[in-house]
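Please walk through this model step by step, with the coordinates open beside the text. The route goes from strands to a helix, then to charged pairs, and ends with backbone geometry.

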Amino acid sequence: MRFFPTLGPLLILLSWLQVSPAQDRERLGWEEVFAEMKPFSGPSVPGVDTSTLHGKVVTGYQGWFGTPEDGYSRGWVHYGRQGRFSPSRLTIDYWPHTEEMDPEALARTRFVKADGSPAYAFSSAHPDVAMTHFRWMKEYGIEAAFLQRFATNVRWPSGMRRNNRVLDNVRAAANAHGRAYVVMYDLSSLPRGGTAEVKKDWKRLVDHMQLTRDPKDQAYLSHKGKPLIALWGVGFHPDEGKRNYTLEETADLIRFFRDDADYGNLSIMLGVPTGWRTLDRDADPSSQVHDLIRMADVVSPWTPGRYRSIEEAEQHAQHSWLPDLAWCQQEGLDYLPVVFPGFSWGNLYPGEEFNAIPRQGGHFLWAQYRLLINGGCRMIYQAMFDEIDEGTQILKVDAHPPVAPGLTLLSYDPLPDDHYLWLVGQAQDYLASKKPAPLELPRREGHLYPEKKEAAYKEAGR
């Protein structure tokens, strides 16, 4: 089976750009964008410790879903192909739960449910979407979110404006619910020389929004005494996606965030390939990759799709996670491994297998947490909060998604729609308390205990 999980977000992103003609990108001027960028002015509620990554489960947050009338998107962004959303153009494998959101945040779709009622989808551009998602994080004990900021989008006004809108929403929601957030630049698809745009963008965020400097914004996460910035897509093999920026450019970008007198003095997390330590598999074989990593503070290897069963996860722990952790400890770096609940992109890529990496009712995810917590890891990155494109999400999904001839949509059924939020919260408790995680998935009083077998829940597709 063709399986390239690191390419999924890139290809979806490129499909968005295909429906964004140059004249549409430039319809909005830069000055209009800058005029909307403001320091934080909302309430900030005390909550989690925002001074460190240690003891935290953090989650990736895409925030990239758009609807035609939200004022920021062109068509159905990350729901369907070429901005259209119909059974033949569907690109999501799960339908998001929307019942707890403000109706103003939702758009009616052409899809219908079994009872004939219309199905609705949310736009990440609406403030109530992030507010709802961060409320869930608070309710289940998830402490922080890494907001993906796609560097290729900030090169033109309307792309930057939409990124800024989602950043505004996440900043407000994190502060309102006592959570923490971090800006993570995804460098995917940047051309050679494109890292200069990241510097330019960061300067604008600091100058106009006072990001990391605003005393009213208490939610931005720091680590090792400095605000944290994350750079994802460092050290991958040139064949792993469209990454034409060089290692030398990446080193310069790291130095900017670390050393610049006006915009630097940040702690740096690098999102790197699985084979970063051994310089094989998906990694650039150059030893310069290690030089880049030694310039940073935190190393986070990407693993979704790199193992497909509990047994393979156990092998990965022995061959990668534990040796990676030892290498980082020797070099004085922190290690942020990535876990994921399963994988599915059957609608995104017709012909691909649905439930390609079965969730096993949470047993697969729990095994990863057990291996990492009991192996001595002090922080863990959960992929992802809202990634319904590739089926790695942990948010609530609709137990009764739309129906149509030939349409396949998955759900967590017969498990509750909050099962994975609850499970990640359980992992957070064990990680923070430094208690050994049990071999078996925790039991939830009043709820079905899922079967432990790879075929389980494949029948959840409608």
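How many bridges join β8 to strand β9? The model is a predicted one, and in it 4 bridges link β8 with β9, residues 298-301. The two strands run parallel. One pairing is easy to find: V272 has P301 in β9 as its bridge partner. Between the two strands the chain passes through helix α8, residues 288-294. This β-α-β crossover is right-handed.

Now look to the other neighbour of β8. Strand β7, residues 226-232, pairs with β8 over 5 bridges. The sense is again parallel. Here W232 stands opposite G271 of β8.

Is β8 buried or exposed? Strand β8 spans residues 267-272, and 6 of its 6 residues are buried. The strand is therefore largely enclosed by the rest of the structure. Both of its faces are covered. On one side sit S267, M269 and G271, all buried. On the other side I268, L270 and V272 are buried too.

Just ahead of this strand, the backbone deserves a look. N265 lies in the loop between α7 (247-259) and β8. Its phi is near 60°, a positive value in a residue other than glycine. Most residues other than glycine have a negative phi. N265 is partly exposed, because its relative accessible area of 46% falls between the cut-offs of 20% and 50%.

Turn next to helix α10, residues 363-374. The helix has 12 residues and reaches 16 Å from its first C-alpha to its last. That is close to the 16 Å expected at 1.5 Å a residue. Of its 12 residues, 11 are buried, so α10 is largely enclosed by the rest of the structure. Among the buried residues are F364, W366, Y369 and R370. Which elements do the buried residues of α10 pack against? Their partners are β1 (56-61), α9 (310-331), β11 (338-339), β12 (379-382) and α11 (419-433).

Both flanks of α10 carry a positive phi. Before the helix, in the loop between β11 and α10, comes Q360. Phi of Q360 is near 55°, and this residue is not a glycine. Q360 has 4% relative accessibility, so it counts as buried. Just after α10, G376 takes a positive phi of about 100°.

Charged pairs come next. The model has 18 salt bridges. Start within a helix. R135 and E139 both lie in helix α4, residues 127-140. They are 4 residues apart, about one turn of the helix. Their side chains meet in a salt bridge at 3.0 Å, N to O. R135 is partly exposed, with a relative accessible area of 26%. E139 is also partly exposed, at 47%.

Other pairs reach across the sequence. D334 forms a salt bridge with K224, with 3.7 Å between the closest N and O atoms. D334 belongs to strand β10 (residues 334-335), and K224 to the loop between β6 (222-223) and β7, so the pair ties together parts that are 110 residues apart in sequence. What is the relative accessible area of D334? The value is 13%, so D334 is buried. K224 is partly exposed, with 41%.

A further pair joins two loops. The side chains of R306 and D282 meet in a salt bridge at 2.7 Å, N to O. R306 lies in the loop between β9 and α9, and D282 in the loop between β8 and α8, so this contact ties together parts that are 24 residues apart in sequence. R306 is buried, with a relative accessible area of 18%. D282 counts as buried as well, at 4% relative accessibility. Elsewhere, salt bridges that share partners join E100, R135, E139 and K396 into one network.

Finish with two peptide bonds. Most peptide bonds are trans. The bond from A383 to M384 is cis, with omega near -15°. M384 sits in the loop between β12 and α11. The bond from D413 to P414 is cis as well, with omega near 15°. P414 is likewise placed in the loop between β12 and α11.

Methods
Residues numbered from 1 in each chain as written. Predicted model: local features only at pLDDT ≥ 70, side-chain atom pairs only at ≥ 80, totals over all residues. Heavy atoms only, no water. Buried < 20%, exposed > 50% of the residue type's maximum accessible area, 1.4 Å probe, protein only. Pairing = 2+ DSSP bridges. Right-handed = clockwise from strand over helix to strand, strands pointing away. Expected span 1.5 Å × (residues − 1). Contact = heavy atoms within 4.5 Å. Salt bridge = Lys/Arg side-chain N within 4 Å of Asp/Glu carboxyl O.
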